[in-house]
Amino acid sequence: MHRLRTCAARLRPLTASQAAQTVGQQRPLTVAGVGGTRTFQPIRCYTAPVASEPFLNGTSSNYVEEMYFAWLENPKSVHKSWDVFFRNANAGAPPGSAYQSPLAMSPAGGVAVPQFSSMVAAQPNVEKLVEDHLAVQSLIRAYQVMGHHNAQLDPLGISCVNFDDAPVNTGFQHVGFYGLEESDLDKVFRLPTTTFIGGSESALPLKEIIRRLEMAYCQHIGVEFMFINDLEQCQWIRQKFETPGVMQFTLEEKRTLLARMVRSTRFEEFLQRKWSSEKRFGLEGCESLIPALKTIIDKSSENGVENVIMGMPHRGRLNVLANVIRKELEQIFCQFDSKLEAADEGSGDVKYHLGMYHRRINRVTDRNITLSLVANPSHLEAVDPVVQGKTKAEQFYCGDSDGKRVMSILLHGDAAFAGQGIVYETFHLSDLPSYTTHGTVHVVVNNQIGFTTDPRMARSSPYPTDVARVVNAPIFHVNADDPEAVMYVCNVAAEWRATFHKDVVVDLVCYRRMGHNEMDEPMFTQPLMYKQIKKQKGVLLKYAEKLIAEGAVSRQEYEEEIAKYDKICEEAYARSKDEKILHIKHWLDSPWPGFFTLDGQPKSMSCPSTGLTEENLTHIGGIASSVPVEDFTIHGGLSRILKGRADMVKKRTVDWALGEYMAFGSLLKEGIHVRLSGQDVERGTFSHRHHVLHDQNVDKRTCIPMNHLSPDQAPYTVCNSSLSEYGVLGFELGFAMASPNALVLWEAQFGDFHNTAQCIIDQFICPGQAKWVRQNGIVLLLPHGMEGMVRLMCKCDETITEDFAVRQLYDCNWIVVNCSSPANYFHVIRRQILAPFRKPLIVFTPKSLLRHPEARSSFDEMLPGTHFQRVILEDGVAAERPEEVKRLIFCTGKVYYELTKERKNRGMEGTVAIARMEQLSPFPFDLVKAESERYANADLVWCQEEHKNQGYYDYVKPRIRTTIQRAKPVWYAGRDPAAAPATGNKNTHLVEVRRFLDTAFGLDAFKDQQ
Ligand SMILES: Cc1ncc(C[n+]2csc(CCOP(=O)(O)OP(=O)(O)O)c2C)c(N)n1
């Protein structure tokens, strides 16, 4: 308000030359309209004090400015009174005298520039004029903001969206709300630049303004966009929906749309006929989803997109596979045959969960397009971040830095979209530099029910799509029973993405003709809704009748189209009967060409040494301890850290951070892309990593030394993520899915926090290869002290063969390690890539060991020929005289250092041997066996710092017992069971430590239990 007053107070029209000068300095707002492009110069520098014009109050000054711009452009485009006013003011009329009443104008309508003396101050009419124009502006704005409340979005007409608390006063009957009268309906009003309803006209009668606004905002499309805080984007949307005649389609477009509706509808009908008692989560009630997706893909292909990655839930998935991705119908139909045998390993998943990858020609654009549908678990929306990660990776690998060639489409159910937090977490990745996919098109199948639950009970927001507002994504609600409206919004959505590279939502308001699945009785819980649904004519029929009535197709053509598709289905059905074997590999969403042999096996079953040459270690160490750019001032504390690294390199040793540097740096030099993502990973939660250096004198100037290793190295991406585990881990899993030639790591801030991402771990990572027949080499770094534990649900074959160590890795579902030395961490990271297959790796990383003086490794442990050690055997005094050893303690991770210290203090080096189990899964049966047999006179103890129910004991005990054929008990030394992970009391903590160390070294500790 203050700005407006100031502005109005300085109002003086410019001379043409002044205007020209000023215009050159400011950014013009260009708006394309039907009648051509209009450019408005945002001039805000009137210079004459005319504040005493009474109609120039704060709010009307906007309107006056509008008039002024229009007058500058074309004096005839404004009312004569304005023309005179601006001319007078331009001629230097004193304050309060620039206005001339219409009466004082020449009767012939010509504009007489009057002498100042003839000016009169009869202003009421102009005041009214300004007020009325402002009222019309408010009315237009009301439609733009809330017109969607009145749109006819629900095909059933029983809309669940309740706006009773926010009634919308639009329509002819409500003009009084804005201070207008019925008699104003025929008056002509000049249109503001914030509307496009005029097309090529700049003024319209109020009646026509309202009619056009009703057409734009209150029919079958409801546009929600006025919350977007970007004028250009709002203007773009207004233009797309307001311009008269935008919703017109060619005959060919209509016929294509009808053909797509036929396919979508008849596909479900075919399945229903053939397998009436099978669940398929059909699309009936939202058949226009298929043309919707095809329209988005066509338009995007036209705009240069070559690769579309999709994620979707159960609803209509088979239809999408058949009619959008174009999976062979027989491949889909044969899935209904329960006698089919799986040809490849893995349990696979139900037909409406499997993924797919297909490259083909887009018939509309005649360009190549690759479509993939990412396999998903039952867990709704879990696939969202995975799709985004895969999309980001595909963009990265083809150098598509602004998302022009690769894009994602995500489909959602209304209940899941509103209810699942992962939707929000995924939206928040959408504009972050290292996570953006440059705009996703979201399509919501809003059938107004979630299983049996009404929206009233399922969400607190009016629309299921409100979550998208947080990222300023426009939301296009559309009545899915109007296929042309659906096609229109999908075109706009695809264009929006291509123009602004931001997310957009299409909300297909539809219904669900059957129950949740085809076996379900919906009348139990939604009787009235389903009575209405039973009366509802199918959308295909309605659309066909419309086109027949228009003469766009004949009834015969329509029937032929149906017969044609039915025949295609029947023929495929016949062929599907010949399929005897189900190849899960046909359902892969991310093939890795060249990585496996032709029959999908690893090219070898051995892993080369993961060591590095001394020269390489020294070179990478040098980079890790330097600032490889000129004039870059780092923090003093960091200089000390880098100097410490340089000293270590001189002494041929590494600590944890340097070991990691060596692993990442060497892979980068070998051409492997490394991507490390998670909360605060750039510095490292415990301030040990420092992979991104910050100039202390220049804001936002950073340097990543790891990208200065060599000119032909692969790029290193290290990125602090949003504060989300579920979203970010899902994203990185998707990134790792795209290529086997990248090391993708996600680090939890603390290991415990992994459990907010448990769904990704349980559904994608743990069962990945078995369920999806898909390998993934993602690495999870879980900083772990006493807290937290991933559930060790691992599977592995226990038969010991010659290539046991590597084959065991291949057979297991994931690898879990808890390294106690930097060298072993270095090796296990390198093994991830040097192994001939990919397997998820979970690393419990240490906190206290990051700076522990003993947790250092020599270069000797990392040279060529060295490997990751699954178990680090006792190599001290005890190993020299094994027969004298009374106890063999197995442990893992940092407790090893507490144990050795205690052993030394007690002088028990000769009587107690300690072996570190570095790899927990797959279990190192062979090495545990050998070590146990070596200390034949020793009892066996498992020692852990965790509580008994939280650590590894229950996992290792039966496995150690199997190894030694149950010859001895495996005693437990550790904390008692507890519900909470750790005590908050330091003293209690120390007492607990003392207690389990006493047990571990008390040779009589288990006497009573024998
Ligand atoms: C995370 C998760 N919670 C619960 C379920 C069980 N479930 C399956 S479908 C469904 C209803 C989904 O409704 P909506 O998202 O509207 O999709 P619709 O089935 O209506 O297409 C529920 C609750 C699930 N699959 N995933």
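In this predicted model, Glu732 touches a set of residues that lie further than four places away in sequence, namely Tyr435, Arg675, Ser677, Val744, Trp746 and Ile778. Glu732 belongs to helix H23, and because its relative accessibility is 0%, this residue counts as buried.

Helix H23, which covers residues 726–738, packs against helix H12, which covers residues 383–397, and the two axes come within 6 Å of each other while crossing at roughly 45°. With that angle, H12 and H23 are therefore oblique to each other, and their crossing is right-handed. On the H12 side the contact is formed by Pro385, Val386, Gln388, Gly389, Lys390, Lys392, Ala393, Glu394, Phe396 and Tyr397, while H23 contributes Tyr726, Gly727, Gly730, Phe731, Leu733, Gly734, Phe735, Met737 and Ala738. Sorted by class, the residues of this contact comprise eleven nonpolar, five polar and three charged ones.

A second pair of helices offers another example of packing. Helix H8 (residues 251–274) and H16 have axes 11 Å apart and pack at an angle of about 105°, and H8 and H16 are therefore roughly perpendicular to each other. From H8, the residues Glu253, Lys254, Leu257 and Met261 take part in the contact, and from H16 the residues Pro483, Glu484 and Met487. Here the classes are four nonpolar, no polar and three charged residues. The table sets out the two helix pairs.

| Helix pair | Angle between axes | Distance between axes |
|---|---|---|
| H12 and H23 | roughly 45° | within 6 Å |
| H8 and H16 | about 105° | 11 Å |

Helix H16 also leads to a sheet. Eight strands make up this open sheet, arranged in the order S5-S12-S13-S11-S10-S6-S9-S8 and with mixed pairing. At its edges are strand S5 (221–224) and strand S8 (356–362), each of which pairs on one side only. When direction is ignored, neighbouring strands of the sheet are turned against each other by 20° on average. Helix H16, which spans residues 483–500, packs on this sheet by touching S5, S10, S11, strand S12 (475–479) and S13, and its direction makes about 165° with that of S12. Helix H9 (residues 289–302) also lies across strands of the sheet, in this case S6, S8, S9, S10, strand S11 (440–446) and strand S13 (504–509), and it runs at about 165° to S10.

Within the eight-stranded sheet, strand S6 deserves a separate description. How many of the five residues of strand S6 are buried? Five of the five residues, 307–311, are buried, so strand S6 is largely enclosed by the rest of the structure. The burial applies to both faces of S6, with Asn307, Ile309 and Gly311 on one side and Val308 and Met310 on the other. Strand S6 pairs with strand S9 (residues 367–373) in the parallel sense, over four bridges, and in this pairing Asn307 has Thr370 of S9 as its bridge partner. Strand S6 also runs parallel to strand S10 (residues 406–413), to which five bridges join it, and there Met310 stands opposite Ile409 of S10.

One residue of a loop can be described alongside the sheet. Ser159 is placed in the loop between helix H5 (124–150) and strand S3 (188–190). With a relative accessible area of 44%, Ser159 is partly exposed. Apart from its neighbours within four places in sequence, Ser159 is in contact with Asp154 and Gln448. The C-alpha atom of Ser159 is separated by 9.5 Å from that of Val509, although these two residues are 350 residues apart along the chain.

Another sheet appears later in the chain numbering. This open sheet has five strands in the order S25-S27-S26-S29-S30, and its pairing is mixed. The edge positions are taken by strand S25 (871–872) and strand S30 (970–975), each pairing on one side only. Strand S26 (residues 887–891) and strand S27 (residues 912–917) are joined by five bridges in the parallel sense, and in this pairing Arg887 is found opposite Val912 of S27. Helix H32 (residues 986–1001) packs on the sheet, where it touches S26, S27, strand S29 (939–947) and S30, and the direction of H32 makes about 165° with that of S30.

Terms used: Residues numbered from 1 in each chain as written. Predicted model: local features only at pLDDT ≥ 70, side-chain atom pairs only at ≥ 80, totals over all residues. Heavy atoms only, no water. Pairing = 2+ DSSP bridges. Helix = DSSP H or I, 4+ residues; strand = E, 2+ residues; numbered from the N terminus. Contact = heavy atoms within 4.5 Å. Axes fitted to C-alpha atoms, helices over the stretch in contact; angles between N-to-C directions. Parallel < 35°, antiparallel > 145°, perpendicular 65-115°, else oblique. Left-handed = near helix turned anticlockwise from the far one by under 90°. Nonpolar A, V, L, I, M, F, W, Y, C, P; charged D, E, K, R; others polar. Buried < 20%, exposed > 50% of the residue type's maximum accessible area, 1.4 Å probe, protein only.
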